[in-house]
Amino acid sequence: MGFFCAPAFFEEGWKRMLKYIFRRILSLIPVLIGVTFIVFSLLYLTPGDPARMVLGDQATEEAVTDFRIKEGLDDPFIVQFARYVYKAAFKGDIGRSYVTKRPVSDEILSAFPSTIKLAAFSVIIAICLGIPFGIISAIKQYSLFDSITMFFALVGLSMPVFWLGLLLILLFSVRLGWFPSSGFDTFSAMVLPSVALSAQVIAIVTRMTRSSMLEVIRSDYIRTARAKGQTEGKVIWRHALGNALIPIVTIVGLQFGHLLGGAILTESIFSIPGVGRLMVEAIKMRDYPLVQGGVLYVAVAFSVVNLLVDLLYAFVDPRIKAQYR
Amino acid sequence: MKRFTKLALLAAVFAVFTGMCAGAALAKDTLIVANIYDAKTLDPIATNEVATSGMCLHVYDNLLSLGADGAPVPQLAEKYEIIDNLTYKFNLRKGVKFHNGEEMKAADVKYTFERAKSPAGASIRQYVDDINTVEVIDDYTVVFKMKRPFTPFLMALTHTCGSILNKKAVEAAGDNYGMNPVGTGPFKFKSWAKGDRITLERNEEYWGKKPAFKTLVMRAIPEATNRTIELESGAIDIAYQITTNDLKRVQENPKLALMRVVDNSTTYMGLNCSKAPFDNPKVRKAVSLALDTVGIQKAVWRGVGKAPVAPIAPNILYAIKDAKPHVQDVEAAKKLLAEAGVKLPLNVQIWTNERKERIDMATIIQSQLEEVGIKAEIKVLEWGAYLDGLKQKTHDMFILGWVASVPDPEFAVSGVFHSSMVGSTNFSYFVNPDVDKMMEQGKALPNGPEREKLYKDLQEKIDSLTPWVYLHNDEQICGTQKNIKGFQPSPRGYHVLTNVSFE
């Protein structure tokens, strides 16, 4: 809040912020090139012929050879890599899927809405449940509530998501009939997959909140606040939580970025057409352009989320805001 | 008052929420079907796979379609004449409109097949390669000339690759045609949520019998249990690919019906005829005799499909249906191995991909082979790596499947037994000039008793040389709501929905 208060500082602060964002975006470039190189190498070295996978096992050998020539698959590695980077960087063309012939960007954009909805809902559920539970566990450390919460956190962390997903389907779709077991179009269809996927995230957020709060509660300024006669509520909410938020925001950001890469198991169980399924199918079919495009997308998405988290720090913690001065 | 409005609001929200949870009421005018995969494209020649074919079947028509008894019947071609063994003449139906309003004419037919022969049709080239020219005689008459006699031609016309395209629409859409199909079929393309569902709408100007319902929704639900659950809850009307585990549930549910038919696929264990000791037909025969294929099929597939007796699947023309089931004879196997001079124990590898049923079959085979002194190690490979590996010629035995997408005997055998296909689809590296000659003859003979006899002899000859141990013919199993009428699954693996009606 203090960030916006001083009018004289206003313009300079924004300029610095923009410079910072610009530098971060620039630093994406070596990341993207590095990621592309690694994926390219992996695909090149992996056995399996895209031509045969795409054309099917009844296609003639001629057709397979023609495909390989058309897509330049027999060219040397460096030629293929340079060609890809040139097209992507200077023409914005990351190719067409070998299988569907649609532009790779279209394929990813079709899958993106489902993935972001799933990721967002899971993270929201995790925040709404994880943070309060973590705070209360920290306040009431070693109590029964704390032990139960930590136990469930451990269970949530260890439970495989497909097992939990199937359990939820069995109970809520088959027995009770409250929610559909597949699809992602209506609100009710989003409930079960989001809950299944959020289990691990809730566990992580709860534990992180609890440990971060515990650390903060022990510090001197909290003791001062209490000594000053502040109500316990204000002590926790205003002073403790604000300072404890940095690690929590970090972990939530990491989880969200990770989920944006797709949640293949959840998507398979609940038939959600997200990025995870798209990528796994692409790898199975050796659909090189789609795999490369998908990995680029994940790298960009993760970097953007990291950038937003870093910017969020400034608004959350005055100590970090000060670094911008 | 304030508290009352709050409660009322809460109640309203709750009601809406429950309403949404209950799911949209199934309009009787919409047929919802669930398949295992989404179609890859709606361009009929871009790929050769079942989900795509299933959708193209409803958006397009062909010159000839597959009749109920498995023989081609006129569709867009009112009648046809076989002028000689290289020339076919088709008279087209008049006044048939494409979904964009254009009339279907001979020029569209010519365009369709020239496009199929172009690089765009790489996946289906083998079905149209023997077509030499397509001549437009007049607006409603087309003449096809073959390069050499090609009897499967009429059957190939019924395949998805023969879907008649509108030249204007394809050229206008360019590379995006796969998402904007225009055909003459009973359904028009409406929308596609990629990976989730395709929605088609009834073509009100259809030249033939119009479907009884307005909207067709094809959903992709990869998880088998989910398809069954959606069927049970009434969210879908028909579910394809019901698995062995869910068979009983659907059968015993009074609100559902189960429909099944043996399909055109053959799962087999191939032996590498180019590598010792499997280059000796006696050794191959010994392996076949050592195995109780009927028992293996029953144990692994638990009542689904059957154990084949010949390479051509039972619903394909000229399949051998009345042969006696395979009988295991361990003593005879041991004798043959001794005669061939094989040093026991023989160490071999069985390759397979990750499909659970194939791994299970390999495990039983492994234990049965041990009885005759063959020690087999099972190697499980990822699909892409598996196909690559088979090209290296170093394998001993491998489990694979073969489907005749065009149900003509030529396509059931030549891809896997002809010497020219070695290393491309013939992974048993089977080379026999007599068998080659018989297959080439069979391709050119017109349908009739002579062709029938040739394929029966061919199958017996292949059997005697034993490049394959036949393991399984799969079944197409579909579950439907009890009120669905007019649905019959096809051995092709994709099914006609145009005649479905609700009772």
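In chain A of this predicted model, helices α13(A) and α14(A) cross in a left-handed manner. Helix α13 of chain A covers residues 275-284 and helix α14 of chain A covers residues 288-316; the two pack at an angle of about 145 degrees, and their axes lie 8 Å apart. From α13(A), the residues taking part are Val275(A), Leu278(A), Met279(A), Ala282(A) and Ile283(A), and they meet Leu290(A), Val291(A) and Gly294(A) of α14(A). Sorted by class, the contact of α13(A) with α14(A) comprises seven nonpolar residues and one polar residue, with no charged residues.

At the level of domains, chain A splits into domain 1, residues 48-93, and domain 2, residues 112-323. Taken over C-alpha atoms, the centres of domain 1 and domain 2 of chain A are separated by 39 Å. Six residues from domain 1 of chain A and five residues from domain 2 of chain A make up the contact. On the side of domain 1 of chain A that touches domain 2 of chain A, helix α3 (residues 50-55) of chain A gives the most, with three residues. That side of domain 1 of chain A, where it touches domain 2 of chain A, consists of four nonpolar residues, one polar and one charged.

Turning to chain B, the domain assignment gives domain 1 as 30-40 + 186-263 + 476-502, domain 2 as 60-168 and domain 3 as 265-473. The centres of domain 1 and domain 2 of chain B, over C-alpha atoms, stand 28 Å apart. Their contact takes four residues from domain 1 of chain B and five residues from domain 2 of chain B. Where domain 1 of chain B touches domain 2 of chain B, its side has two charged residues, one nonpolar and one polar.

Two sheets of chain B can be described next. One is an open sheet of seven strands with mixed pairing, in the order β8-β9-β10-β1-β11-β18-β12 (chain B). Strands β8 (187-193) and β12 (256-262) of chain B occupy its edges and have a single partner strand each, so one side of each is left without a neighbour in the sheet. Within this order, β11(B) and strand β18 (residues 475-481) of chain B run antiparallel and are joined by two bridges. Here Ala239(B) stands opposite Gly479(B) of β18(B).

The other is an open, antiparallel sheet of four strands, ordered β4-β5-β7-β6 (chain B). Its edge strands, β4 (77-84) and β6 (131-138) of chain B, each pair on one side only. From one strand to the next, the twist averages 20 degrees. Six bridges link β6(B) with strand β7 (residues 141-146) of chain B in the antiparallel sense, and Val142(B) in β7(B) is the bridge partner of Val136(B). Helix α3 (residues 106-117) of chain B lies across β5 (87-92), β6 and β7 of chain B, and runs at about 170 degrees to β6(B).

As for confidence, the model scores ipTM 0.83 and pTM 0.87. Chain B has a mean pLDDT of 92, with 95% of its residues reaching 70 or more. Among the elements of chain B, strand β11 (residues 238-239) has the highest mean pLDDT, 97, and helix α1 (residues 2-22) the lowest, 53. Over residues 18-25 of chain B, pLDDT stays under 50, and for these residues the model has eight contacts beyond four places in sequence.

Note on methods:
Residues numbered from 1 in each chain as written. Chains lettered and ligands numbered in written order. Predicted model: local features only at pLDDT ≥ 70, side-chain atom pairs only at ≥ 80, totals over all residues. pLDDT = per-residue confidence, 0-100. Contact = placed C-beta atoms within 7 Å. Pairing = 2+ DSSP bridges. Domains from an automatic or database assignment. Nonpolar A, V, L, I, M, F, W, Y, C, P; charged D, E, K, R; others polar. Axes fitted to C-alpha atoms, helices over the stretch in contact; angles between N-to-C directions. Left-handed = near helix turned anticlockwise from the far one by under 90°.
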